[in-house]
Amino acid sequence: MSAERTKAEPAMLERRKLVRDLLVDRRDLMVVCGLGSATYDVAAAGDHPLNLYLWGAMGGAAMIGLGLALARPDRRVAVLTGDGEALMGLGALATIGVKQPKNLVIVVLDNGHYGETGMQASHTQGGANLVAIAKGCGFPDALALTDQAGVARVRELLHAGQGPILVNARISNEETPRFLPVRDGHAIKLRFMQAVNS
Amino acid sequence: MDDQTNIRWPDAIYDHFKRVGIRQVGYVPDAGHSRLIERICKDPEIADVVLTTEEEGVGLVAGAHLGGQRAALLMQSSGVGNCINMFTLVRNMGFPCLVLVTMRGEFAEFNQWQVPMGSITEPVLKLAGFLTYRVEEPGEVDEVVSAACDMAFDGDLAVAVLLSQRLIGRKRWTK
């Protein structure tokens, strides 16, 4: 039943606009970007030293977010990633549920497809419900974002919501122009750390 | 072998964690590391992060470093296999990655299912860019872990200490 509902649901949100809207006036928000389209979306919203662009290590974005959130409880951490990347690291949601980091929000840009490899269907289209999974892992808040009206609230959650929170944003799966940020991991790391400590 | 030394080697590891200021430890529950895990869980200054799979720990260590904290990972030799693609992070970003591995599939192993991974653990770590050190005797733990901590955190290096199955002792299957 849930699979049918997911398929029938109109995808209201365009990913580039959504990410841009979420990161407006981001202040000192730290953003971990899952590989592939999430990295391109965050870069396209405006390059920033507190963007940690990943180009690999699929399944690892949420755990990098947890390590950061534990290290800097005084700061906010957002993980923006795709449904495929989140699915590969599902266990991380259980691990994050155990630690309950108040300053961590995961936003899944869920288009139900593996965009990087040719738009094959992902498990979210087949019935896997990331909101229910996050709730089942003990996240105090997990919600689906399906329309523009909910975007402002999610932006508030990024900055002030009591985490861990997972937001599953249903986005359309139209192709977006590639927007490729820096790929050198050492450069990304050094720039990020200088900005965190400045 | 001195019985006291034999019992206390996990404490030597803990003492070095405190000496170098480790603040996050990721682990999958493990009999060989049980005493060390207990001590870490009791320490309010160290975030103990129980993982569902060891590869999560590589991301944890990366995040901790980016946020300015030192972290370490505890795992069994089988867990090294689970980490291989995630070690990408270590190679590409370059951060200290200290891993303490309790070995299975070697000395007095009764379960042949542990052997395939245990027999390739050290070469796999080397291929992934780690410096590796093996410990065979309880009396060596302090010195080797001390050196590994300093190399990892002073040198920004990936360092693995393999605690041999002979050191850990035979697994007892009677309750």
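User: Taking a salt bridge to be a side-chain nitrogen of Lys or Arg within 4 Å of a carboxyl oxygen of Asp or Glu, with which residue does B:Arg134 form a salt bridge?

Analyst: This is a predicted model, and in it the closest N and O atoms of the pair are 3.1 Å apart. B:Arg134 lies in strand S5 (residues 131–135) of chain B and its partner in the loop between strand S4 (97–102) and helix H6 (115–118), so the salt bridge ties together parts that are 28 residues apart in sequence. B:Arg134 is partly exposed, with a relative accessible area of 31%, and the partner, at 24% relative accessibility, also counts as partly exposed. The residue that pairs with B:Arg134 is B:Glu106.

User: Which residues of chain A are joined into one network by salt bridges that share partners?

Analyst: The structure holds 19 salt bridges over all chains. Some of them share partners, and the residues that they join into one network are A:Arg15, A:Arg16 and A:Asp41.

User: How many residues apart are the partners of the salt bridge between A:Arg178 and A:Glu116?

Analyst: The side chains of A:Arg178 and A:Glu116 meet at 3.8 Å, N to O. A:Arg178 sits in the loop between strand S8 (165–170) and helix H9 (185–196) of chain A, whereas A:Glu116 sits in the loop between strand S5 (113–114) and strand S6 (120–121), so that the pair links distant parts of the chain. Because its relative accessibility is 55%, A:Arg178 counts as exposed, while A:Glu116, with a relative accessible area of 42%, is partly exposed. The separation of the two partners in sequence is 62 residues.

User: At what N to O distance do the side chains of B:Lys18 and B:Glu45 meet?

Analyst: These two side chains form a salt bridge that links distant parts of the chain, with B:Lys18 in helix H1 (residues 3–20) of chain B and B:Glu45 in the loop between helix H2 (34–42) and strand S2 (47–50). B:Lys18 counts as partly exposed at 31% relative accessibility, and B:Glu45 is partly exposed with a relative accessible area of 48%. The N to O distance is 2.9 Å.

User: Which side chain of opposite charge is nearest to A:Arg76?

Analyst: A:Arg76 lies in the loop between helix H4 (61–71) and strand S3 (77–82) of chain A, and although A:Arg76 is buried, it has no salt bridge. A polar atom of its side chain lies 3.3 Å from the backbone oxygen of A:Lys102, and the side chain also reaches the backbone oxygen of A:His159 at 3.4 Å. The residues that A:Arg76 touches include A:Leu29, A:Val105 and A:Leu157. The nearest side chain of opposite charge, 8.2 Å away, belongs to A:Asp28.

User: With which side chain does the side chain of B:Asp30 make a polar contact?

Analyst: B:Asp30 is found in the loop between strand S1 (22–27) and H2 of chain B; it is buried yet has no salt bridge, the nearest side chain of opposite charge being that of B:Arg104 at 6.5 Å. Among the residues in contact with B:Asp30, leaving aside neighbours within four places in sequence, are B:Ile37 and B:Thr102. The polar contact, at 2.9 Å, is with the side chain of B:Gln76.

User: How many of the residues in helix H2 of chain A are buried?

Analyst: Helix H2 (residues 15–22) of chain A is mostly covered, and what covers its buried residues includes helix H3 (37–44), strand S4 (104–110) and helix H8 (151–160) of chain A. The buried residues include A:Arg15, A:Arg16 and A:Leu18. At the start of this helix, a side-chain oxygen of A:Glu14 reaches to within 3.2 Å of the backbone nitrogen of A:Arg16. The number of buried residues is 6 of 8.

User: What is the approximate phi of A:Asp25?

Analyst: A:Asp25 lies in the loop between H2 and strand S1 (30–33) of chain A and is partly exposed, with a relative accessible area of 48%. Its phi is positive although the residue is not a glycine, with a value of about 50°.

User: Which residue is joined to A:Gly163 by a cis peptide bond?

Analyst: The omega of this bond is about 0°. The residue that follows A:Gly163 across the bond lies in the loop between H8 and S8 of chain A, and it is A:Pro164.

Terms used
Residues are numbered from 1 along each chain as its sequence is written. Chains are lettered from A and ligands numbered from 1 in the order in which they are written. This is a predicted model: local features need pLDDT of at least 70, side-chain atom pairs count only at pLDDT 80 or more; totals for chains, interfaces and linings use all residues. Side-chain values use heavy atoms; hydrogens and water are left out. Helices (H or I, at least four residues) and strands (E, at least two) are DSSP runs, numbered from the N terminus. Buried means under 20% relative accessible area, exposed over 50%, partly exposed in between (1.4 Å probe, protein chains only). Lys and Arg count as positive and Asp and Glu as negative; His and the chain ends are not counted. A polar contact is a pair of N or O atoms within 3.5 Å; within protein, one must be able to donate a hydrogen and the other to accept it, and residues adjacent in sequence count only if both atoms are side-chain atoms. Contact means heavy atoms within 4.5 Å.
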